[in-house]
There are 4 protein chains.
Amino acid sequence: MNDNARQEPPSRRSKRGRKLDPDGTRREILREARIEFAEKGFSGARIDDIGARTKTAKRMIYYYFGNKEGLYVAALEQAYADIRAMETTLELDHLSPELAMCRLVDFTFDYEQENTDFVRIISSENMNYAQYLKQSRNVKELNSNILDSVSRILERGYAEGAFRRKLRPLDLHLMIISLCYYRVSNMHTFSVIFDCDLTDAETSERHKKMIRNTILCYLCSDDEHPGTDA
Amino acid sequence: MNDNARQEPPSRRSKRGRKLDPDGTRREILREARIEFAEKGFSGARIDDIGARTKTAKRMIYYYFGNKEGLYVAALEQAYADIRAMETTLELDHLSPELAMCRLVDFTFDYEQENTDFVRIISSENMNYAQYLKQSRNVKELNSNILDSVSRILERGYAEGAFRRKLRPLDLHLMIISLCYYRVSNMHTFSVIFDCDLTDAETSERHKKMIRNTILCYLCSDDEHPGTDA
Amino acid sequence: MNDNARQEPPSRRSKRGRKLDPDGTRREILREARIEFAEKGFSGARIDDIGARTKTAKRMIYYYFGNKEGLYVAALEQAYADIRAMETTLELDHLSPELAMCRLVDFTFDYEQENTDFVRIISSENMNYAQYLKQSRNVKELNSNILDSVSRILERGYAEGAFRRKLRPLDLHLMIISLCYYRVSNMHTFSVIFDCDLTDAETSERHKKMIRNTILCYLCSDDEHPGTDA
Amino acid sequence: MNDNARQEPPSRRSKRGRKLDPDGTRREILREARIEFAEKGFSGARIDDIGARTKTAKRMIYYYFGNKEGLYVAALEQAYADIRAMETTLELDHLSPELAMCRLVDFTFDYEQENTDFVRIISSENMNYAQYLKQSRNVKELNSNILDSVSRILERGYAEGAFRRKLRPLDLHLMIISLCYYRVSNMHTFSVIFDCDLTDAETSERHKKMIRNTILCYLCSDDEHPGTDA
DNA sequence: TATGAATGAGCTTTCATTCAT
DNA sequence: TATGAATGAAAGCTCATTCAT
């Protein structure tokens with residue numbers, strides 16, 4: 001998904017019989033790289049395979065991205081750019097705090113579920129201890145708006161008395177993403193171990209409702225339950 | 001943790017003056033393999049490196065485990081066996097439903113946080129679409145008790161009127177593990193993007209409480225919040 | 001040194017706002033190629049690097065010189081042309097045979113020492129078994145005058161009785177060049193092995209005197225020393 | 001030359017149908033590497049070609065020498081070890097100073113002429129600015145005896161009054177090696193430019209005598225010839 | 001049981017060169 | 001004249017695995 005909507009530019013040809021289209025070539029490589037990296041992770045991905053997916057020669061990967069790392073970082077940046085771009089289209093400010101929060105949760109749920117590529121490349125990068133993400137300057141800036149969104153909903157909710165639980169925006173975001181992400185990132189082992197299918201439409205709908213209610217119940221209540229540590 | 005407590009067995013010696021200790025050798029390989037696989041995933045792990053970590057030659061890996069896949073599957077099974085073994089020591093049945101649930105959540109939180117190796121090897125296996133886990137027979141059996149535990153707590157809670165939310169044990173387990181797992185599995189990218197430290201003791205304690213209350217609030221209430229789909 | 005003194009020619013401009021200056025471009029490429037080839041030899045030199053050194057695109061290398069070999073041959077020819085041009089300015093004929101010989105030796109010493117690029121590109125070509133030099137027509141003609149110079153000095157020396165040793169001009173030239181060339185061409189290994197610095201000014205001056213006296217002593221004497229072969 | 005005299009050890013087989021002979025394999029690779037490096041220099045040499053020359057797989061190069069650099073350094077060390085080993089067999093101390101010096105010169109002349117491989121690999125390393133030789137510890141120690149030999153001859157010559165020219169051993173060694181080395185290292189360009197054949201037996205003999213006399217004349221005289229600098 | 005030696009297949013990357021404008 | 005884009009061939013090196021003892 002993502003930049004799939006682009007229509008073929010000027011005109012491109014196959015391996016032999018070349019045609020010049022630098023931007024198109026670059027984008028094609030990036031798109032296929034992202035799929036490959038999402039499927040196999042950084043170390044499992046093969047430059048050869050990415051090259052084979054494209055209409056141009058594998059050699060162009062080095063022409064445009066320098067090396068495997070450079071390509072991976074570019075794919076990672078694209079992945080983050082895409083989700084943040086989507087988030088900005090949500091228009092949460094004109095909804096009631098409660099509805100806005102529901103919409104945010106639902107959006108997160110849907111996005112993770114529909115964009116397994118995104119989930120997988122992020123998981124892959126965590127296997128790398130985020131060493132490549134750290135190299136990227138742009139990514140850090142991209143991600144401030146999601147916290148702003150959460151923050152604004154919370155404040156409005158507190159002001160209107162709809163939310164009683166005092167929470168840091170970062171913590172709330174963590175909970176939402178955790179609930180939406182895990183069932184996609186870990187669906188394979190989960191399915192094997194518990195012999196179930198998390199992609200089933202009915203299950204999916206049930207989980208979405210469950211997560212939405214979990215977040216809202218927590219926000220609207222201020223009950224405390226005893227821990228077991230001390 | 002785990003098989004660290006092994007005591008030195010008999011002790012004959014090979015030509016090279018090395019102790020002959022088949023079981024010890026096997027366990028040493030397995031222990032180091034698990035660390036390596038947890039660090040780098042299946043494709044990133046190196047047989048050479050695992051060999052170098054052990055006191056014996058890498059050749060023994062093939063002797064005992066056949067090939068890389070065999071070693072990986074064995075490491076995976078160990079990882080699951082360890083957590084399930086821990087779970088059975090919880091003794092939840094003599095606690096009140098509410099306290100039992102808190103204990104289960106707290107345990108899950110602590111285990112994931114303290115055993116990043118476990119989290120990472122499971123994430124790695126999800127990058128592999130669980131293809132190796134599917135090969136393992138034993139693993140599926142091992143994992144029934146966690147659902148039983150959840151199930152028993154729920155039933156007692158419904159019977160006593162402590163819990164009002166009707167839930168499938170599997171769904172509840174999914175929520176708990178999601179909340180506890182993500183903050184460990186994705187701590188690296190999360191930390192980079194939001195410039196925070198999820199391993200910080202204070203943060204950790206705050207999250208633990210938050211997750212516990214989230215689960216309990218949800219269970220004890222039966223409020224429904226409107227979705228944004230239809 | 002050498003073609004540095006070129007003056008800027010006309011100056012039209014290309015689309016990219018670059019000056020159109022065919023001859024200047026060609027000379028710039030040749031100058032940088034010579035540096036690169038001298039530094040790394042034929043096989044070690046990189047077309048990309050030569051391109052990067054110039055203000056124009058590497059594509060122009062192929063435009064002007066055809067291929068790597070063509071560029072290398074051109075650089076080689078330049079190198080020979082430069083030294084032979086210098087040699088013709090020596091004006092040895094109006095000096096006494098002895099002084100003329102000293103002057104020739106000193107010049108050779110200085111030139112090799114100051115033009116390490118020349119020394120290195122010649123060494124490089126010897127690593128190539130002179131295969132590229134053989135392709136060049138012009139080079140062979142260029143090098144007759146040095147032998148003529150030596151020859152004339154010798155004849156005058158014999159006529160005047162200053163030199164008693166009968167020698168072929170070619171052999172004498174070989175000796176002079178050997179003594180002056182080696183200490184430049186092999187300075188790196190020599191320095192490492194014997195832990196000394198051949199570029200040191202004092203050392204350099206001592207060697208120059210030594211070489212001069214070596215040649216002159218040999219020429220002026222006719223002693224024979226017994227060999228150890230037969 | 002060099003370690004060619006080794007007779008085939010236990011028994012080695014061709015590519016398939018392996019036989020174990022670690023030391024033989026290592027030596028074979030080293031011998032062929034030296035030939036390849038001498039022929040083409042470091043950057044021109046091909047690991048593939050070295051592998052093809054041997055009876056074992058190219059892969060073993062990495063097994064024994066790590067990488068191309070490691071192999072090159074090993075070949076370089078061998079080259080120096082060989083010539084220094086030969087030099088120690090000269091037994092110069094029981095000859096008269098004059099004869100000893102002649103013998104040393106003749107030996108150097110013969111060795112360089114007969115071991116073009118040695119000359120070429122040293123030239124190659126100078127093209128590399130001796131960067132690899134600098135990595136080698138052993139080489140520096142190996143090369144002290146040649147200076148000792150020169151030193152002892154000189155001292156005896158001064159004591160007996162045979163030599164009148166006061167010289168540093170290092171400077172004298174430099175002259176001898178220069179005269180013997182250049183005509184081998186630069187024979188290809190020299191032959192092309194001056195249309196002659198330096199490998200011709202008669203020429204070779206004439207040059208040997210010339211070099212011997214040059215060195216001896218210089219040592220036995222103490223004439224000074226005026227320079228042209230100041 | 002234990003181990004060093006050996007290897008084929010394949011991986012990332014480099015390099016001189018040509019295409020198309 | 002000038003240039004960016006594109007490429008095949010090959011280079012150095014890695015990796016899981018097997019051989020032979």
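**Exercise 1.** In this predicted model, work out how many residues the contact takes from chain D and from chain C.

*Solution.* Start with the cut-off: two residues count as touching if their C-beta atoms, placed from the backbone, lie within 7 Å. On that basis, chain D puts 58 residues into the contact and chain C puts in 58 residues.

Next, look at which elements of chain D are involved. Those giving two or more residues to the side that touches chain C are α1 (22-44), α5 (97-114), α6 (116-127), α7 (138-142), α9 (169-185), α10 (187-194) and α11 (201-220). The top contributor is α9(D), with 11 residues.

Then sort that side of chain D by class: you get 24 nonpolar, 19 polar and 15 charged residues.

**Exercise 2.** Find the rotation and the shift along its axis that superpose chain D on chain C, and say what relation that is.

*Solution.* Turn chain D by 180° with 0.0 Å of shift along the axis, and chain D lands on chain C with an RMSD of 0.1 Å. That's what a two-fold axis does.

Now check the surfaces. Of the interface residues of chain D, 100% are interface residues in chain C too, so these copies meet through the same surface.

**Exercise 3.** Repeat the job for chain B on chain A: what turn and what shift along the axis are needed?

*Solution.* A turn of 180° and a shift of 0.0 Å along the axis lay chain B on chain A, at an RMSD of 0.1 Å. For the surfaces, 100% of the interface residues of chain B also serve as interface residues in chain A, so the copies meet through the same surface.

Key:
Residues are numbered from 1 along each chain as its sequence is written. Chains are lettered from A and ligands numbered from 1 in the order in which they are written. This is a predicted model: local features need pLDDT of at least 70, side-chain atom pairs count only at pLDDT 80 or more; totals for chains, interfaces and linings use all residues. Copies are superposed by least squares on the C-alpha atoms of residues with pLDDT of at least 70 in both. Helices (H or I, at least four residues) and strands (E, at least two) are DSSP runs, numbered from the N terminus. Ala, Val, Leu, Ile, Met, Phe, Trp, Tyr, Cys and Pro count as nonpolar, Asp, Glu, Lys and Arg as charged, and the others, Gly among them, as polar.
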